[in-house]
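Me: Could you take me through one part of this protein up close? I'd like to hear about the lysine that carries an annotation, and how its surroundings fit into the rest of the chain.

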Amino acid sequence: MSKRTIDQVDETTNGTTTTNETTENNGTVEKKFKVSNIQEKLQSIKKELDVKPWAPEVSIQELITSLLDKNDRDAFFVADIGVIMKQWQKWKKHLPNVTPFYAVKCNPTVGILKVLEALGSSFDCASRTEIETVLNLGVDPTRIIYANPCKQISALKFARTNNVKLMTFDNVSELEKIEKFFPEAELVLRIAPDDSKALMRFGTKFGVHIDDCADLLEMAKEMNLKVVGVSFHVGSGCFDAVAYDSALTMVKKVFDMAKNLGMELKLVDVGGGFSGSNDEMFGKFTTVIREKTAELFDSSVRIIAEPGRYFAASSHTLAVTVISKRIVKLEDNRQHPRRTSNNMRQYNYYLADGVYGSFNNIQFDHAKPTPLLLKPTPKQPTPCTLFGPTCDSIDVIARDIQVPELKIGDWLYFAEMGAYTTASASSFNGFCPPPVYYYCSPVDEDQL
Ligand SMILES: Cc1ncc(COP(=O)(O)O)c(C=O)c1O
């Protein structure tokens, strides 16, 4: 077996396969072992999280409705772990040589983390807590990148104690900190690419300008620190494949700078930015990444990525009930329902979850969640605003939209609510983030 094959097996099985006798010179035996190992893990996760099968003929509306009677809840998530598995299959197909390090920040829900661990994913952690969570899943420290260029000293010490060596940096004071608290760390220089083609841009906060890279590399060399590679993030919610093309060209320049300084870089981290639902865009991005990395780097260079949204976005649907309602006059927003004719009415609905909870993606992630009715109705749409449940007036989910008239106790649902929702939800005013009910839509698990 070639070295490359051993590495690939290692990455997708948490290393367990390589210690087993079946890693002899026989690809078929190896693959069977790998699949059964993954399947075993998935079976035990399904048991532990009480994951119910989701039959293809059951619609999301029917599934949510079946949960209403059983659960005395005002809001809840339906999480489909089948989505995670299908995204994994798609990743392996389009980017077979790029190791995904799932960005835990995007959604640290236990179901997502455990399934990705079972599938063999690595993890991008931004803090001590995230590192600790991932290590507690039994993940080997080599499957973690500490991808926060500005780290707390306490977290650096924690990373050192736990042998989490791979980490990003983009400034001098970070180098000084690492020299003092984790001199054996393996450093990845985060550069600032053009992130103008993304919803969430990071360039003003992170990443070193290409013109300053040589200085930083030189300083790292003087400090005897080990720089192993270069990373970038084109911005979350990227919508143009050109962003990866130009970022990779920049990375190549940094590789050449390092070479001139006598340093050999061996890792390229293409970050996140991948859509969770737009297959066409994913196809374009991955084609650029495949072709450009093959053109610029030799096969000994390891390519990794930090996808978050890609895995999490479509996995969660949020169901939420109307807890209160008021009728206001369109012109002046005042309440005089009895004197307001139907065509002058605007409804204010108050939902059981809002911007301090799962809908924080409106503030933090530029999201525009679309309400969908759980029960179809022949009623005509009327103007309304959807508020969250807290006492704050900025708790608005959607303003001046059109929805057929709702009554208290009606349910709405919102698709694509897996990315940057629960991760940053608060319990402001005592409204706790909704519980998650796990399901698994059909997946060909032999292809995992
Ligand atoms: C360093 C880093 N890596 C990866 C990600 C994940 O990005 P995305 O959700 O676009 O895949 C983020 C998002 O904030 C990030 O900051």
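Reply: Sure, and keep in mind as we go that this is a predicted model. Let's start with the whole chain, then zoom in.

The protein chain has 13 helices and 19 strands. Its radius of gyration is 24 Å, close to the 22 Å that the globule rule gives for 448 residues, so the chain is as compact as a globular protein of that length. Along its principal axes, the C-alpha trace spans about 80 × 50 × 40 Å. Of the 448 residues, 44% count as buried. If you take the contacts with a separation of 6 or more, 72% of them are between residues 24 or more positions apart.

Now for your lysine. The UniProt entry, which is unreviewed, annotates Lys 105 as "modified residue: N6-(pyridoxal phosphate)lysine". You'll find Lys 105 in the loop between β3 (98-103) and α5 (110-119). Is Lys 105 buried or exposed? Lys 105 is buried, because 20 other C-beta atoms lie within 10 Å, and 20 or more is what it takes to be called buried. Leaving out residues up to four places away in sequence, Lys 105 touches Ala 126, Glu 130, Gly 308 and Ala 423.

One of those names comes back when we turn to the ligand. There are 16 residues around the ligand, and Gly 308 is among those that come nearest, together with Ala 103, Ser 236, Gly 272 and Arg 309. So Gly 308 both touches Lys 105 and is one of the residues that come nearest to the ligand. The shell around the ligand is a mix: six nonpolar residues, six polar and four charged.

For a contrast, look at Pro 371, in the loop between α13 (361-364) and β15 (372-373). Pro 371 has 17 other C-beta atoms within 10 Å, so it counts as partly exposed. Beyond residues up to four places away in sequence, Pro 371 touches Leu 386, Ala 398, Val 403, Leu 412 and Phe 414.

Finally, there's the nonpolar interior. The largest nonpolar core has 125 residues, and Leu 189 is one of those with the most contacts inside it. Helix α10 (residues 242-260) gives the most to this core, with eight residues. Setting aside neighbours within four places in sequence, Leu 189 is in contact with residues including Phe 169, Val 208, Leu 216 and Val 254.

Key: Residues are numbered from 1 along each chain as its sequence is written. This is a predicted model: local features need pLDDT of at least 70, side-chain atom pairs count only at pLDDT 80 or more; totals for chains, interfaces and linings use all residues. Helices (H or I, at least four residues) and strands (E, at least two) are DSSP runs, numbered from the N terminus. The radius of gyration is taken over C-alpha atoms; the globule rule is 2.2 Å times the number of residues to the power 0.38. A residue is buried if 20 or more other C-beta atoms lie within 10 Å of its own, exposed if 12 or fewer, and partly exposed in between; C-beta atoms are placed from the backbone. Two residues are in contact if their C-beta atoms, placed from the backbone, lie within 7 Å. A residue is near a molecule or strand if its C-beta atom, placed from the backbone, lies within 6 Å of it. Ala, Val, Leu, Ile, Met, Phe, Trp, Tyr, Cys and Pro count as nonpolar, Asp, Glu, Lys and Arg as charged, and the others, Gly among them, as polar. UniProt positions are given in the numbering used here, feature names are shortened, and annotations may be inferred rather than shown by experiment. A nonpolar core is a set of buried Ala, Val, Leu, Ile, Met, Phe, Trp, Tyr and Cys residues joined through C-beta atoms within 7 Å.
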